[in-house]
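Please open the model in your viewer and keep the selection tool at hand. The tour moves from enclosed spaces to a helix and then to a loop.

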Amino acid sequence: MHPAAQALAAGGYDALGVGLSGSGFLAFFFVGALAAMRDLGLIDQKSTKFAGSSGGAIIALASALHCPYETCARAMADHLVDDCAATGRSCFGTLDRAIEGALGKALTLLPGPMLPEGAAGGGGVNATVLRRANGRAFVAMSLAPPSRCELEASVQRQMQLERRTRLLRESGGAGRPSNATAEGAAGAAGGDGAEDGGGGDAAAEQQQRAAAVARAVRARASKTWLVSEFTSVEDGIAAARASSFIPGFSAPRALSTFRGRVVFDGMLTTPLPCPTGVRHCLRVSAVPRGESVMGLTAPIREADVAPGLWSGNGTGRFTRHEWDAFTLSLGRVADRREVERLGYAEAVAWARANGLADAARNRALAARGAAAAAAGGRAAAGGRAAALERAAAAGAGDDGAGVARGGTDGAGAGKSLVVG
């Protein structure tokens, strides 16, 4: 079986994730491709995990919120493109604000039921959105590389720690002395060194520090920050905006911030991310495989579905130059619907070529996999409960001194991951 079918059979829709590339306004390609995967029984918006960078992050977030592709997701993308077309500059310098408006539009179109405002633990749209998105929408953004000053401070802290550790080891103190003792040893050693040729040691240490900083400067690079837990609706929208922030294009400023950290467009470090915690990831690219996004990223070579990859149609009636231009401007509604149609056709062609075109079989595999995963979860929970009971019984038989402690079994995994 194809790895996607194996994942469905092993754990249902929870076990098969979808990754979406950076795309610009070619995000309409994802609308069509994901609608096809839904119709083929390969994904379920209530259970599947979605990840994306830039335009892919916006569609991934909408997918996790149960936003129907032909209505809600399409209307959100149309709103964004129309808003940008109205500026006369395709949102140059204002894209960040336009994305915020488009996501706000999507919230008004989300299907119910919505939790009532008085529900336990909070309610209303905010609680509904968080329960749908948390742990299922993975938004990739790029962390700005550290400045030279930050690197110098980091090297300084590391060298101080290494020096203190060496002095403690040389002092031969028993056990693990406190920080105060360590600082005293370091201070005493430093004083002795100053009286007996310490200047040479200080010069050598300064040269060592300078060399370490130089190495760190050469090696510094941006890292990917994959966020899958959101504290509020506003926090989720801010994550999507940060993932789509192109310096100078999205806003006049060079960089954006998310949760106090300097970030920019996710596609610049991870053009096509995948969600964590899945058995297999289906990778969908809005640009032909082996090409870059907007000429800004490394070529995307690992895509499963990409324009022309399986259908042989390439970019349809559009020239390659026109397709590239759609990343920045897609004003005609007829062109948007055609890009959607190409995405749908390409996903169907991929499914046929890989033995995944039988929707009834795919849904049956997912149902069996979900049942097996649920049974395994119940068995594991029963085993943990039995272990706790045995531990409690052993503690009670030991003059009441024993204590049974239960774990969280990986709670919180995948909330916020820095890669690289």
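Begin by selecting α3 (55–64), α4 (69–87) and α5 (95–109), each of which supplies at least two residues of the lining of the largest cavity; bear in mind throughout that this is a predicted model. The largest share of that lining, four residues, comes from α4, and the volume enclosed is about 230 Å³. To centre the view, pick Gly24, Phe25, Gly55, Leu80 and Leu95, which are the closest to the middle of the cavity among the 21 residues that line it. If you colour the lining of the largest cavity by class, you will find 15 nonpolar, five polar and one charged residues.

The count comes to three cavities of 30 Å³ or more, and the next stop is the second largest, which holds about 130 Å³ of space. Select Leu61, Leu65, Leu107, Val129 and Ile237, which lie nearest the centre of the second largest cavity, out of 15 residues that line it. Here α3 and α5 appear again, together with α6 (124–133) and α10, as the elements that give two or more residues to the lining of the second largest cavity. Colouring this lining by class shows 13 nonpolar and two polar residues, with no charged residue.

From Ile237, extend the selection to the whole of α10, residues 233–243, a helix that is mostly covered, with eight of its 11 residues buried. The buried residues of α10 are Val233, Asp235, Gly236, Ile237, Ala239, Ala240, Ala242 and Ser243.

Now move to the loop between β7 (280–284) and α11 (320–325), and select Asp304 there. Which side chain of opposite charge is nearest to this buried residue? It is Arg283, at 4.8 Å, and Asp304 has no salt bridge; the cut-off for a salt bridge is 4 Å between a side-chain nitrogen of Lys or Arg and a carboxyl oxygen of Asp or Glu. Leaving aside neighbours within four places in sequence, the contacts of Asp304 are Cys281, Leu282, Arg283, Leu309, Trp310 and Trp350.

The last selection is Pro307, in the loop between β7 and α11, which counts as buried because its relative accessibility is 6%, where buried means under 20%. Measure from its C-alpha to that of Val287: the two residues are 20 apart in sequence and 6.2 Å apart in space. With neighbours within four places in sequence left aside, Pro307 is in contact with residues including Phe29, Val287, Pro288, Trp323 and Glu346.

Definitions and conventions:
Residues numbered from 1 in each chain as written. Predicted model: local features only at pLDDT ≥ 70, side-chain atom pairs only at ≥ 80, totals over all residues. Heavy atoms only, no water. Buried < 20%, exposed > 50% of the residue type's maximum accessible area, 1.4 Å probe, protein only. Lys, Arg positive; Asp, Glu negative; His and termini not counted. Contact = heavy atoms within 4.5 Å. 1 Å grid on protein atoms, 1.4 Å probe; cavity = no way out; pocket = protein on both sides within 12 Å on 5 of 7 lines; lining within 4 Å. Points joined across faces, edges and corners; volume = space filled by probe spheres on them. Nonpolar A, V, L, I, M, F, W, Y, C, P; charged D, E, K, R; others polar.
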